[in-house]
Amino acid sequence: MIGLGLKEFRRHIFTDLFIAVQLAAVFFVVISIVSGIYSRTALYTPVKDLLNSEGVYSGHINYRSEDGRTLKDIVPEIDRYIGIGRLAAADNGGDKAACYCYDDESVSVYIPPLDEGCWLTPNADELQCVVNYESEYAVGDIITKEYQWYREDDVTYTDPETSEVSFKVAGRLAKDAPIFGLDSSMQKNDDHRTLFDTYTNRSMPLLICSQTAAEAAGLTSYRSEPQLVIFKDGLSEEEIEAAVKKINAVTGYAMPVYELRANSEKYVYEQLIRLAPILISIVLLILVSTVAISALNAKMNMRTSAVYALLGCTMKGCGLIYLINSLITSLLAGALCLTFMNVMKLTGKLEETVITFDRHTLIWCAAVWAVFLLCAMTAPLIALGRATVKEQLAVNE
């Protein structure tokens, strides 16, 4: 059957090449659209559960009153903060680097794309860090930082102690990788995208580590701003509303999480509405085109199919021949698509787009491929099934 399938491919080489080029174009369009969709939802999915919590998005959460009360003391409804923190280490002490940290929950919220190495792990016992793409440090390097601290008996904070701490580089962020919690801007119409930002300070390398490991090494840290402020479970609507008002009064700005969620869902919905119809249209186009061309080929080759039938080939066998023919055509289409994408990658064209070939695009391409094979195999069988062997032999005589 494989030999007959190859023979059929050679007999219709020009038609099959046309189908392969068309299918390759469909694969590329599907990859482009799916990449576009996931690029718009990639930052929403990690924080989706957080946005379903009760709380606020607010700055100035490190507030401390004159009598020493913190924001949590003033608003007991607060359960926890989620976001990035800063290490109490000078940026220019020892090896220069802007030092940030995540607590165990925040480090698991979002794993940014990495150029090499690995991301941080919760409950880390080794002081590892991830650096930005432009950093001069490589995976495995040791970064030594100097930091100052004061003894408990130094109530005037005039005699600082100096110590050193070493970080082992575990990973490097991808170029322009979004970083959770790094953004410091807050606006009325913010959505989930405001929870992320890219590090743009080219003169100062970025260092991100685990807060747990840093504190175990003797470093102190504080919350960067703004943060997601999550309330305790079981609060009534009145208690939530009162807590929001108190946080707003203290910090000057408190955006309820449900508003952030509503803005995020609106953005994602609008993006899907724009791109989904194009994807559906492309899939329908390949279906109609494949069915039409396959049926036409079957009509043109009825005599050959009749010969196969007279030689003992069953309808199932004929279907297998058409399947092998279509499989070769689709593999050629896949090769053409990958070749085109590699050429674009080598010339730097893909870097200017959000097009990526990952598991999401692979799944969609596999679905298109499966539907193509199904249509290419069944359409000829349906066309041939309506004609007797005598009628098929009479064709083209």
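Buried means under 20% relative accessible area, exposed means over 50%, and partly exposed covers what falls in between. With that scale in hand, Cys118 can be selected as a worked case: at 42% relative accessibility, Cys118 counts as partly exposed. The model you have open is a predicted one, and the stops below go from the whole chain to single residues.

**The whole chain**

Begin with everything displayed in a cartoon style, coloured by secondary structure, where 12 helices and 14 strands make up the protein's regular elements. Switching to a colouring by accessibility, you will find that 44% of the 397 residues count as buried. A surface representation covers about 21000 Å² of accessible area, and 57% of that area belongs to carbon and sulfur atoms. If you draw a contact map as well, restrict it to pairs at least 6 apart in sequence; among those contacts, 79% join residues at least 24 apart.

**Strand S4 and Cys101**

Select residues 98–102, which form strand S4, and within that strand pick out Cys101. Is Cys101 buried or exposed? Cys101 has a relative accessible area of 1%, and it is therefore buried, since the cut-off for that class is under 20%.

Now show the surroundings of Cys101, leaving aside residues up to four places away in sequence: the residues it touches are Ile84, Gly85, Arg86, Leu87, Cys209, Ser210, Gln211 and Ser221. One of these, Gln211, merits a distance label, for the C-alpha atoms of Cys101 and Gln211 are 5.2 Å apart in space although 110 residues separate them in sequence.

How many disulfides does the structure hold? The count is 0, and for Cys101 the nearest cysteine sulfur, belonging to Cys209, is 5.4 Å away. Because a disulfide requires two cysteine sulfur atoms within 2.5 Å, the pair Cys101 and Cys209 does not qualify.

**The second largest pocket**

Next, select Phe27, Ser330, Gly334, Cys365 and Trp369, which lie nearest the centre of the second largest pocket and are among its 13 lining residues. The volume of this pocket is about 250 Å³. Three elements give two or more residues to its lining, namely helix H2 (13–41), helix H10 (315–346) and helix H11 (359–385), and the largest share, 6 residues, comes from H10. Coloured by residue class, the lining shows 11 nonpolar and 2 polar residues, with no charged residues.

From here, move along to the loop between H10 and H11, where Thr353 is found. Thr353 has 35% relative accessibility and so counts as partly exposed, the class that lies between 20% and 50%. A second distance label can be placed between the C-alpha atoms of Thr353 and Ser35, which are 318 residues apart along the chain and separated by 9.4 Å.

**The second largest cavity and Asp176**

The structure holds 4 cavities of 30 Å³ or more, and the next selection concerns the second largest of them, with about 80 Å³ of space. To display its lining, select Asn132, Tyr133, Glu134, Leu173, Ala174, Lys175, Asp176, Ala177, Ile179, Thr198, Tyr199 and Arg202. By class, this lining has 6 nonpolar, 2 polar and 4 charged residues.

Stay with Asp176, one of the lining residues of that cavity, and centre the view on the loop between strand S8 (161–173) and strand S9 (179–180), where Asp176 lies. Its backbone deserves a look, since Asp176 has a positive phi of about 60° although it is not a glycine. The relative accessible area of Asp176 is 47%, and this residue is partly exposed because the value falls between 20% and 50%.

**Two further backbone stops**

Select His60, in the loop between strand S1 (55–58) and helix H4 (71–74). What is phi of His60 near? The value is near 60°, which is positive in a residue other than glycine. His60 is partly exposed, with a relative accessible area of 37%.

The last selection is Pro226, placed in the loop between strand S12 (221–223) and strand S13 (227–231). Display the backbone atoms of Glu225 together with those of Pro226, and inspect the peptide bond that runs from the one to the other: this bond is cis, with omega near 5°.

Note on methods
Residues are numbered from 1 along each chain as its sequence is written. This is a predicted model: local features need pLDDT of at least 70, side-chain atom pairs count only at pLDDT 80 or more; totals for chains, interfaces and linings use all residues. Side-chain values use heavy atoms; hydrogens and water are left out. On a 1 Å grid over the protein atoms alone, a cavity is a set of points where a 1.4 Å probe fits but cannot get out, and a pocket is an open set with protein on both sides within 12 Å along at least five of seven lines; lining residues have an atom within 4 Å of a point. Grid points are joined across faces, edges and corners, and a volume is the space filled by probe spheres set on the points. Ala, Val, Leu, Ile, Met, Phe, Trp, Tyr, Cys and Pro count as nonpolar, Asp, Glu, Lys and Arg as charged, and the others, Gly among them, as polar. Buried means under 20% relative accessible area, exposed over 50%, partly exposed in between (1.4 Å probe, protein chains only). Helices (H or I, at least four residues) and strands (E, at least two) are DSSP runs, numbered from the N terminus. Contact means heavy atoms within 4.5 Å. Accessible areas come from the Shrake-Rupley method with a 1.4 Å probe; for residues, only the protein chains shown count as cover.
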